[in-house]
Amino acid sequence: MMSNDNPSVLIMMASFNGEKNIREQIESILNQSFENWKLIIQDDCSSDKTLSVINEYVKEDNRIRLLINDGEHGAYYNFHSLINKCKTCNSNYYMFADHDDIWHADKIQTMVNYFEQNTTDDVPTMIYGDMEIIDGKGNKTGKRINDLLKLKYRSQLDPFFNHTVFGCNCMINSELFNLVPSVNTNDKVTSILCHDNYYAKYAAIFGQLIYIDSLLMDYRRYGENVTSKHEYSYGIKKIVRRLSKIDGLAKDHACTYSQSIYTIKKILDNDKNTFCDKKLKTVLDIMEHGGICAVFKCIHLHISCGMPIRTFSRYFIILTKLYKKHLCF
């Protein structure tokens, strides 16, 4: 049981052209019931008034700090670059934040309480929760992400086949933050490597990846943000529609598998004695080769994507091998 009487939280926010929504997001952080936090915002060279808004808060609250990239690089680069700079920071817990969401007032306290009451300080751990979708104007849609995606992973290897951790709604402890190796931002993988699920994979292999069934924030989706193209409802009509454009589906799967191949190779290179060595090599073999043997290996490993229709979709694309031409590695 962790015994820190006054745990600290470092929040890492990536921003870009967010003048319409970033004020509301920063205000939601300022209104947290938990107060021992620091917020570092790194901006990706915004061309609107984002920097002016951020600087207002930097002047008002010494817990907030602003960094600015040298040129525009993209969301994933921005996060990895910021994470690398924060590796020298000392905090009990770390969080990621997007510039356009709204955190519920008890979000940080709920997550800190879970860590304090349910985990030990020597186990690398990531926890993540549920959120409600709002539109570009902040109107609630009544849709919760867990109802649409089934966020809880069923097995240790599921995170390598399917991404259901959202960085904007997770917390990691210092053990995990210090364990995960930095990503070289000059590497081409930076353009596709989701920082949140990169950390989730390490948590699943070396420690704990835990879903807590708590609604912690409002998740904004609109035409201009990074996740706007993602679909969060699954059914026969969607599957038929996606299969009619099967190369696009294969390309989406290849993006997930490329990230997993990169991460597995990094784990195997850095920790050759990991107890999951054999399983990870099997996953690597599945993704690099595909085909019917790969599907049988998935079944043997009990790979699940939460919903049967999504699991079938993964198995089908692996069987066809259509994704292989889109792999980055």
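**Exercise 1. Find where Asn 17 sits, and work out what its backbone and exposure look like.**

Asn 17 sits in the loop between β1 and α1 (22-30). Helices here are DSSP runs of H or I with at least four residues, strands are runs of E with at least two, and both are numbered from the N terminus. Before going on, note that this is a predicted model: local features need pLDDT of at least 70, side-chain atom pairs count only at pLDDT 80 or more, and totals for chains, interfaces and linings use all residues. Residues are numbered from 1 along each chain as its sequence is written, and side-chain values use heavy atoms, with hydrogens and water left out.

Next, the backbone: phi of Asn 17 is near 45°, a positive value in a residue other than glycine. Most residues other than glycine have a negative phi. Last, exposure: Asn 17 is partly exposed, with a relative accessible area of 29% (buried is under 20%, exposed over 50%, partly exposed in between, using a 1.4 Å probe and protein chains only).

**Exercise 2. Do the same for Lys 150, then place it in a cavity.**

Start with the loop: Lys 150 lies between α5 (145-149) and β8 (170-173). Its phi is positive, about 55°, although Lys 150 is not a glycine. With a relative accessible area of 40%, Lys 150 is partly exposed.

Now the cavity. On a 1 Å grid over the protein atoms alone, a cavity is a set of points where a 1.4 Å probe fits but cannot get out, a pocket is an open set with protein on both sides within 12 Å along at least five of seven lines, and lining residues have an atom within 4 Å of a point. Points are joined across faces, edges and corners, and a volume is the space filled by probe spheres set on them. The structure holds 2 cavities of 30 Å³ or more. Lys 150 is among the residues lining the largest cavity, along with others including Arg 154, Asp 158 and Cys 305. That cavity has a volume of about 40 Å³, and its lining has 2 nonpolar, 4 polar and 4 charged residues (Ala, Val, Leu, Ile, Met, Phe, Trp, Tyr, Cys and Pro count as nonpolar, Asp, Glu, Lys and Arg as charged, and the others, Gly among them, as polar).

**Exercise 3. Which helix gives the largest share of the lining of the second largest cavity?**

First, the volume is about 30 Å³. Then look at the helices: α3 (75-86) and α7 (195-206) each supply at least two lining residues. The largest share, 3 residues, comes from α3. By class, the lining has 6 nonpolar, 3 polar and no charged residues.

**Exercise 4. Follow Val 9 from pocket to core.**

Val 9 is one of the residues lining the second largest pocket, with Trp 37 and Cys 89 also among them. This pocket has a volume of about 150 Å³, and β2 gives the most to its lining, with 3 residues.

Turning to the core, Val 9 is one of the residues that touch the most other members of the 97-residue largest nonpolar core (buried Ala, Val, Leu, Ile, Met, Phe, Trp, Tyr and Cys residues joined through side-chain atoms within 4.5 Å). Helix α9 (residues 246-270) gives the largest share of this core, 9 residues.
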